[in-house]
Amino acid sequence: AREAEAKRLKAEAEGFAAKPVAATATADDSAPAPADATTEEAFKNPEGKSDDAENDDGVSKASAEAQETLRRVEAAAVASAVAAVSRHILLFCALCNRERALLPKVFHAFATLPEELRPALLDDAGAGVVTTGGFDGLVRLVGPECGPLLDAVRNPPKGSESLAARAIRVLADADAAEAEYLRDAAAAGGVVAGDAAKDHGTRASMDNLVSAAETLAARVRAEADARRTIPNDDSNATTNENASNDEESHEDVELLLPLLSAMSAEKVRSLVPRLVALPPELFKQALDRLCVSGSPLTPSELFVALHEVDPATRGVGLKKIIAACGECFERPDTFGAETLASAMSKMVEMHPLPLLFMRTVIQAESAWPTLREFTVNILRSLASKKVWKADAKIWEGFVRCAKRAAPRSFPVLIQMPEAPLLEILKKFPALVEPLRAYANAPAVAQSVPRAVRDALAKA
């Protein structure tokens, strides 16, 4: 009945919008053409506008008013329909809590609802409608151990994928809140055996939810890949795929973001390249999920994992890795001096070194001056590994870092072979005299190798 009333009001508004236009069109068709320029001047009003222009302005104003009326009618009809549907949804959600086998029907109903009525199923329906017992409330009540809900998330009806994503997010947020409560209780000495057992059961349930979400993500990914190619024309298909390389679909990863803190360390590491490829705002959300107590990766491990991402990965690139590492530096409470030192100590032992390693060393020293001596130790370790034979970018970073760290880096430089030291001195001539003075100091003069003195003489 409400839908019929809305259609009737809409038809009346559309008829109202059409009348002024039709009337004006008839009048214009029957009006005789002006005889000459003098006659046309006679029809102009004092402001210099002709009657035709005034008619056009009137038509435009009437049309705008009609459109505004139509918009208000439609908004009122939609709000009324949402409120009506919401009341029925609330009753059905209450029934689903008692008979959970009915829960998949909620997803089927969502898939068939018009876009305008879908808010009726959600807790943020708006329009003054309060639906705290709606879908979100139902999902929290049944929890991640509900088989019918997991089945619906794993394989939702076509068109209800967004509802499955909402269920994942609601359950993940509820789990995060409960985990935080248990951590706070444990810190206060208030955790009892029942709480610990409940936490263990919740972990197992979240594993099932992660599995269901991964199945859905794989389906979404397959659909995105299918859209990337055109099967009927091989040449066009290739072109379309190449054009999509820089427009990597992120829908599948977005589904998994809320569950990052509930995944295993191995799964999170495998997802890190896809996380780096995300738009900045989504990457920040991912970082928020991983920078919590109890995360599968410690901040140090996460920082190392970001440096291990291959820039050649589709959709990534070096700039995105730099931006991802830079976002970590924006969180000094999580990625402090000790965390960064721990991460860099692991990376300096890698072979080959991460491409951004030296950039990170310089950036870390700038952010945390307490790491200055640590930086010298990094330089010493790299010099002992003959860093000048490594990747050109790594060697370039070493040279710049040594220059920035002077004179603290002089004990490292005077232990280097003649050729690489001479390359550093030619690149930064300002180092020659300070290094020569250091090498001639009585405390170190006896230990300076002949090759260093030769390099200083040639510089």
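**Exercise 1. At what angle do helix α13 (residues 299-307) and α15 pack, and how far apart are their axes?**

Before solving, keep in mind that this is a predicted model.

Step 1. Start with the geometry: α13 and α15 pack at an angle of about 45°, and their axes are 8 Å apart.

Step 2. Now put a word to that angle. Roughly parallel needs an angle under 35 degrees, and roughly perpendicular takes 65 to 115. The pair is therefore oblique, α13 to α15.

Step 3. Add the handedness: α13 passes α15 in a right-handed crossing.

Step 4. List who does the touching. From α13 come Pro299, Ser300, Glu301, Phe303, Val304 and His307, and from α15 come Thr339, Leu340, Ser342, Ala343, Lys346 and Met347.

Step 5. Sort those residues by character, and the contact of α13 with α15 splits into 6 nonpolar, 4 polar and 2 charged.

**Exercise 2. Work out how α15 (residues 337-347) sits against α16 (residues 357-367).**

Step 1. Get the numbers first: the packing angle is about 155°, with the axes 11 Å apart.

Step 2. Classify. Angles over 145 degrees count as roughly antiparallel, so α15 is roughly antiparallel to α16.

Step 3. Check the crossing sense: α15 passes α16 in a left-handed crossing.

Step 4. Pick out the residues. Leu340, Met344 and Met347 on the α15 side meet Phe357, Thr360, Val361 and Ala364 on the α16 side.

Step 5. Count by type: this contact has 6 nonpolar residues, 1 polar and no charged.

Step 6. Look at what joins the two helices. Pro352 is in the loop between α15 and α16, and the peptide bond linking His351 to Pro352 is cis, with omega about 0°.

**Exercise 3. Which residues of α15 are buried, and which helices do they pack against?**

Step 1. Apply the burial cut-off, under 20% relative accessible area. For α15 that gives Ala337, Thr339, Leu340, Ala341, Ala343, Met344 and Met347.

Step 2. Find their partners: the buried residues of α15 pack against α13, α14 (318-329), α16 and α17 (372-384).

Step 3. Follow up one of those partners, α17, through Ile378, which is a residue of that helix. Ile378 counts as buried because its relative accessibility is 4%.

Step 4. See what Ile378 touches. Beyond its neighbours within four places in sequence, Ile378 is in contact with Met344, Val348, Phe357 and Val361.

Step 5. Put a distance on one of those pairs. Ile378 and Val348 are 30 residues apart in sequence, yet their C-alpha atoms are 7.3 Å apart.

**Exercise 4. Is Val220 buried or exposed, and is Arg453 buried or partly exposed?**

Step 1. Place them: Val220 belongs to helix α8 (residues 193-228), while Arg453 belongs to helix α22 (residues 450-458).

Step 2. Use the accessible areas. Val220 comes in at 8%, so it is buried. Arg453 has 27%, which makes it partly exposed.

Step 3. Read off the contacts, skipping residues up to four places away in sequence. Val220 is in contact with Glu251, Asp252 and Leu255. Arg453 touches Ala439, Asn440, Ala445 and Val448.

Step 4. Finish with C-alpha distances. Val220 is 9.2 Å from Leu255, 35 residues apart along the chain. Arg453 and Glu418 are also 35 residues apart in sequence, with 8.4 Å between their C-alpha atoms.

**Exercise 5. Track down some backbone details in the loops.**

Step 1. Try the loop between α18 (392-405) and α19 (410-413), where Pro407 lies. The peptide bond from Ala406 to Pro407 is cis, and its omega is near 5°.

Step 2. Move to the loop between α17 and α18, which holds Lys386. Phi of Lys386 is near 55°, a positive value in a residue other than glycine. Lys386 has a relative accessible area of 44%, so it is partly exposed.

**Exercise 6. How many helices and strands does the chain have, and how much of the chain is buried?**

Step 1. Tally the secondary structure: 22 helices and 0 strands.

Step 2. Take the burial figure, with 40% of the 459 residues buried.

Step 3. Look at the surface: the chain exposes about 24600 Å², with carbon and sulfur atoms supplying 55% of that area.

Step 4. Check contact range. Of the contacts between residues at least 6 apart in sequence, 71% join residues at least 24 apart.

Methods
Residues numbered from 1 in each chain as written. Predicted model: local features only at pLDDT ≥ 70, side-chain atom pairs only at ≥ 80, totals over all residues. Heavy atoms only, no water. Helix = DSSP H or I, 4+ residues; strand = E, 2+ residues; numbered from the N terminus. Buried < 20%, exposed > 50% of the residue type's maximum accessible area, 1.4 Å probe, protein only. Contact = heavy atoms within 4.5 Å. Areas by Shrake-Rupley, 256 points an atom, 1.4 Å probe, with all protein chains shown as cover. Axes fitted to C-alpha atoms, helices over the stretch in contact; angles between N-to-C directions. Left-handed = near helix turned anticlockwise from the far one by under 90°. Nonpolar A, V, L, I, M, F, W, Y, C, P; charged D, E, K, R; others polar.
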